[in-house]
Amino acid sequence: MSEQSNNQGRAYEYICITTLLNEIIKVRAAEVIHNSAYQAALNAWNSMPESFQYILRESASAAVDTIFDMEPMILEQSTDMLTLKIQTDNEGKEGDVRDIVISRSDVQWEIGLSIKHNHFAVKHSRLAKSLDFGEKWFGIPCSDQYWSDIKPIFDYLNVQKTEKKAWHDLPSKEQTVYIPLLQAFIKEVLHSNALDSSVPQKMVEYLLGEFDFYKVISIDSKRITKIQTYNLHGTLNRSSKTIAPKITVPHALLPTRIVSLDFKPGSTNTVELYMDGGWQFSFRIHNAATKVETSLKFDIQIVGMPTTIISIDCRWN
């Protein structure tokens with residue numbers, strides 16, 4: 001992600017949390033935690049031109065009522081303090097994709113929002129010479145065969161890096177890097193899946209985080225804020241003492257088996273994962289820098305989701 005995109009994303013986090021706070025305090029006591037992540041978001045917001053701030057403000061405002069309709073616990077009148085927090089990057093790395101967390105300590109309740117500006121990407125995980133993706137993704141260390149398969153690929157990249165080559169200087173990076181690396185990745189995932197039937201579930205929990213959340217996506221060109229519900233563990237959409245949610249959020253089941261994991265037809269850099277229940281992901285490997293590095297990044301996208309993950313378009317005024 002470019003610095004500009006990163007700053008726009010942080011600015012969107014700022015206006016989302018600010019808009020939520022301004023609406024909530026009309027009904028009940030609430031506060032925003034002013035941590036380092038909040039300060040970074042505020043700085044990003046202040047760096048944006050007024051015209052772009054207006055767009056983000058419109059986008060954030062469009063989503064608020066729908067969030068309230070799904071989560072009546074937010075506006076429940078009570079003597080406790082409701083808190084809103086932008087999570088730090090370190091918190092996000094610990095299996096939590098939520099950017100904003102809204103919580104009430106007196107009732108042990110919280111929900112999270114993943115805030116996206118003009119993109120739907122899930123994660124940007126890496127493959128590298130000594131990075132054990134199996135251990136990190138689903139708790140099964142990569143096999144000796146995997147390390148043996150990828151060693152010549154990264155040895156080659158190390159030589160090119162030492163010679164300060166650029167990626168476009170490599171005569172056939174698809175044949176020498178992308179294809180064999182993805183072949184090793186596919187073989188290792190299927191090997192681990194044969195050892196442990198919980199691999200499909202753990203992969204989705206790694207890609208989407210261990211906590212339930214709403215994904216809030218600003219699509220500026222269409223003047224729409226899209227809200228997607230990821231109620232994988234049944235913690236979202238609770239009724240308050242007096243009010244039931246106006247919008248019902250189904251409980252989405254995690255997958256139990258891998259149906260297919262193979263190259264996308266006609267592609268040398270993308271593999272597609274199909275699992276039961278409607279779960280589909282694509283993994284596109286790419287070089288994230290101009291100069292050759294000894295690691296490569298995945299751009300991971302959700303291609304298909306269970307019908308129990310609902311998507312709501314909130315149109316701007």
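Strands E7 (224–230) and E12 (residues 311–315) pair in the antiparallel sense over 5 bridges; helices (H or I, at least four residues) and strands (E, at least two) are DSSP runs numbered from the N terminus, and two strands pair if DSSP finds at least two bridges between them. The model is predicted, so that local features need pLDDT of at least 70 and side-chain atom pairs count only at pLDDT 80 or more, while totals for chains, interfaces and linings use all residues. Residues are numbered from 1 along each chain as its sequence is written, and side-chain values use heavy atoms, with hydrogens and water left out.

Within the pairing of E7 and E12, lysine 226 has aspartate 313 of E12 as its bridge partner. Aspartate 313 belongs to the uncovered face of E12, together with Ser311 and Arg315, whereas Ile312 and Cys314 form the covered face. In a regular strand the side chains alternate between the two faces of the sheet.

Strand E3 (residues 100–104) is mostly covered, with 5 of its 5 residues buried; buried denotes under 20% relative accessible area, exposed over 50%, and partly exposed the range in between (1.4 Å probe, protein chains only). Ile100, Ile102 and Arg104 lie on one side of E3 and Val101 and Ser103 on the other, and both faces are covered. E3 pairs in the antiparallel sense with strand E2 (residues 82–86) over 5 bridges, and isoleucine 100 in E3 is the bridge partner of isoleucine 86. E3 also pairs with strand E4 (residues 109–117), again in the antiparallel sense and over 5 bridges. In that pairing, serine 103 is matched by glutamate 110 of E4. The hairpin of E3 and E4 has 4 residues between the strands, and glutamine 108 takes a positive phi near 50 degrees there.

Positive phi values also occur in two loops that involve E7. Arginine 223 has a phi of about 50 degrees although it is not a glycine. This arginine 223 is placed in the loop between strand E6 (213–219) and E7, and is partly exposed, with a relative accessible area of 37%. Asparagine 237, likewise not a glycine, has a positive phi of about 70 degrees and lies in the loop between E7 and strand E8 (258–263). Asparagine 237 is buried, its relative accessible area being 14%. Leaving aside neighbours within four places in sequence, asparagine 237 is in contact with Met70, Glu71, Tyr214, Pro245, Ile247, Thr248 and Val249, where contact means heavy atoms within 4.5 Å. Asparagine 237 and isoleucine 67 are 170 residues apart in sequence, yet their C-alpha atoms are 9.7 Å apart in space.

The largest nonpolar core holds 51 residues, of which Trp137, Phe185, Phe281 and Phe283 touch the most other members; a nonpolar core is a set of buried Ala, Val, Leu, Ile, Met, Phe, Trp, Tyr and Cys residues joined through side-chain atoms within 4.5 Å. At least two residues of this core come from each of helix H5 (133–138), helix H6 (144–162), helix H7 (173–195), helix H8 (199–208), E8, strand E9 (270–275), strand E10 (280–286) and strand E11 (295–304). H7 gives the most, with 9 residues. Apart from neighbours within four places in sequence, tryptophan 137 is in contact with Ser125, Phe185, Lys202, Met203, Tyr206, Phe283, Phe298 and Ile300. A second, separate core of 45 residues includes Ala62, Ile67, Met73 and Ile74. In soluble globular proteins, nonpolar side chains tend to be buried together.Internal space was analysed on a 1 Å grid over the protein atoms alone: a cavity is a set of points where a 1.4 Å probe fits but cannot get out, a pocket is an open set with protein on both sides within 12 Å along at least five of seven lines, and lining residues have an atom within 4 Å of a point. The count comes to 1 cavity of 30 Å³ or more, and about 50 Å³ of space lies in the largest cavity, a volume being the space filled by probe spheres set on the points. Its lining comprises Cys16, Thr19, Leu20, Ala60, Ala63, Val64, Ile67, Leu113 and Val216. Helix H3 (50–70) gives the most to this lining, with 4 residues.
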